[in-house]
Amino acid sequence: MTRQFGGLGLGLAISKHLVELHQGSIEAESRGRSFGATFKVTLDTVPEGARKADLDSRGRKPPVKALHILLVEDHQDTRRMLSRLLTHFGHEVLTADNVRSALKIISSEELELDVLLCDIGLPDGSGYEVISQAKRKQRIKAVALTGFGTEEDLRRSKKAGFDFHLVKPIDLHELQTVLDKVAV
């Protein structure tokens, strides 16, 4: 029906409204029927007259405290990306891709961890096994990283010993907020 009558025209109206909410502008251009259309959105990324020092002061703040983090994640790309981000945020990160390697790191006598970021579904067991051992071994804050987010999943992770529960895909701002709470 939209192809026959051309739609209701709401797409451009909604786009215009959203762009204007951000103090931007939107332009549409077409050479006529059957030539398509070009839309140009203009948004200010840096306010006029802003100095570099002003912009730097608004950037990411360093962590309250650098944390020693054990990241347990079996998906290689996710593990690599999270490890790099956490390191970029100023934390020291160790990684494991399964229960066995995580428990080996946790049992290390000379290593004191602040935070355990742990996937629940691991190839050789579960994150519940990891948190159980970690809490027995040392005082550590634990964050469940999982695709499971029902109320029952939240209750189960709390009961197992996780202090926080983040559902994948992980919201990095939410993760940073949790780490800031732990670092205080």
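**Exercise 1. In this predicted model, determine which residue forms a salt bridge with arginine 80, and how far apart the two lie along the helix.**

Step 1. Arginine 80 pairs with aspartate 77, and the closest N and O atoms are 3.8 Å apart. The cut-off for a salt bridge is 4 Å between a side-chain nitrogen of Lys or Arg and a carboxyl oxygen of Asp or Glu, so the pair qualifies.

Step 2. Both residues belong to helix 4 (residues 76-88). They are three residues apart there, which means a separation of about one helical turn.

Step 3. The relative accessible area of arginine 80 is 36%, so arginine 80 is partly exposed.

**Exercise 2. Find the salt-bridge partner of lysine 135 and state which parts of the chain the pair ties together.**

Step 1. The side chain of lysine 135 meets that of aspartate 163, with an N to O distance of 3.1 Å.

Step 2. Lysine 135 is in helix 6, whereas aspartate 163 is in the loop between helix 7 and strand 9; the bridge therefore ties together parts 28 residues apart in sequence.

Step 3. Partly exposed means a relative accessible area between 20% and 50%. Lysine 135, at 34%, counts as partly exposed, and so does aspartate 163, at 22%.

**Exercise 3. Describe the salt bridge between arginine 155 and glutamate 152, then place it among the salt bridges of the whole structure.**

Step 1. The side chains of arginine 155 and glutamate 152 come to 3.2 Å, N to O.

Step 2. Helix 7 holds both residues, three residues apart, or about one turn of the helix. Glutamate 152 has 46% relative accessibility and counts as partly exposed.

Step 3. Glu73, Asp119 and Lys168 are joined into one network by salt bridges that share partners.

Step 4. A search of the whole structure gives five salt bridges.

**Exercise 4. Count the aromatic pairs and classify the geometry of what is found.**

Step 1. The count is one aromatic pair. Its members are tyrosine 128 and phenylalanine 162, 6.4 Å centre to centre.

Step 2. The planes make an angle of 70°. Angles over 60 degrees count as edge-to-face, so that is the class of this pair.

Step 3. The pair links distant parts of the chain, 34 residues apart: tyrosine 128 sits in helix 6, and phenylalanine 162 in the loop between helix 7 (151-160) and strand 9 (164-167).

Step 4. Buried means under 20% relative accessible area. Tyrosine 128 is buried at 16%, and phenylalanine 162 is buried at 2%.

**Exercise 5. For leucine 113 and aspartate 114, give the location, the burial class and a residue that is distant in sequence but has a listed C-alpha separation.**

Step 1. Leucine 113 is in the loop between helix 5 and strand 5. Aspartate 114 is also placed in the loop between helix 5 (99-106) and strand 5 (115-119).

Step 2. Relative accessibility is 2% for leucine 113, which counts as buried. Aspartate 114, at 18%, counts as buried as well.

Step 3. Leucine 113 and isoleucine 69 are 44 residues apart along the chain, with their C-alpha atoms separated by 6.0 Å. Aspartate 114 and histidine 68 are 46 residues apart in sequence and 5.2 Å apart, C-alpha to C-alpha.

**Exercise 6. Identify the residues in the surface patch of negative charge, and locate glutamate 129.**

Step 1. The patch gathers Asp74, Asp97, Asp124 and Glu129.

Step 2. Glutamate 129 lies in helix 6 (residues 127-137). With 39% relative accessibility, glutamate 129 counts as partly exposed.

How values were computed. Residues are numbered from 1 along each chain as its sequence is written. This is a predicted model: local features need pLDDT of at least 70, side-chain atom pairs count only at pLDDT 80 or more; totals for chains, interfaces and linings use all residues. Side-chain values use heavy atoms; hydrogens and water are left out. Patches are made of residues with over 30% relative accessible area and no salt bridge: like charges are joined within 9 Å, nonpolar side chains (Val, Leu, Ile, Met, Phe, Trp, Tyr) within 5 Å. Accessible areas come from the Shrake-Rupley method with a 1.4 Å probe; for residues, only the protein chains shown count as cover. Lys and Arg count as positive and Asp and Glu as negative; His and the chain ends are not counted. The place of a charge is taken as NZ of Lys, CZ of Arg, CG of Asp or CD of Glu. Helices (H or I, at least four residues) and strands (E, at least two) are DSSP runs, numbered from the N terminus. Buried means under 20% relative accessible area, exposed over 50%, partly exposed in between (1.4 Å probe, protein chains only). Rings of Phe, Tyr and Trp (its six-membered ring) pair if their centres lie within 6.5 Å; planes under 30 degrees apart count as stacked, over 60 as edge-to-face and the rest as tilted.
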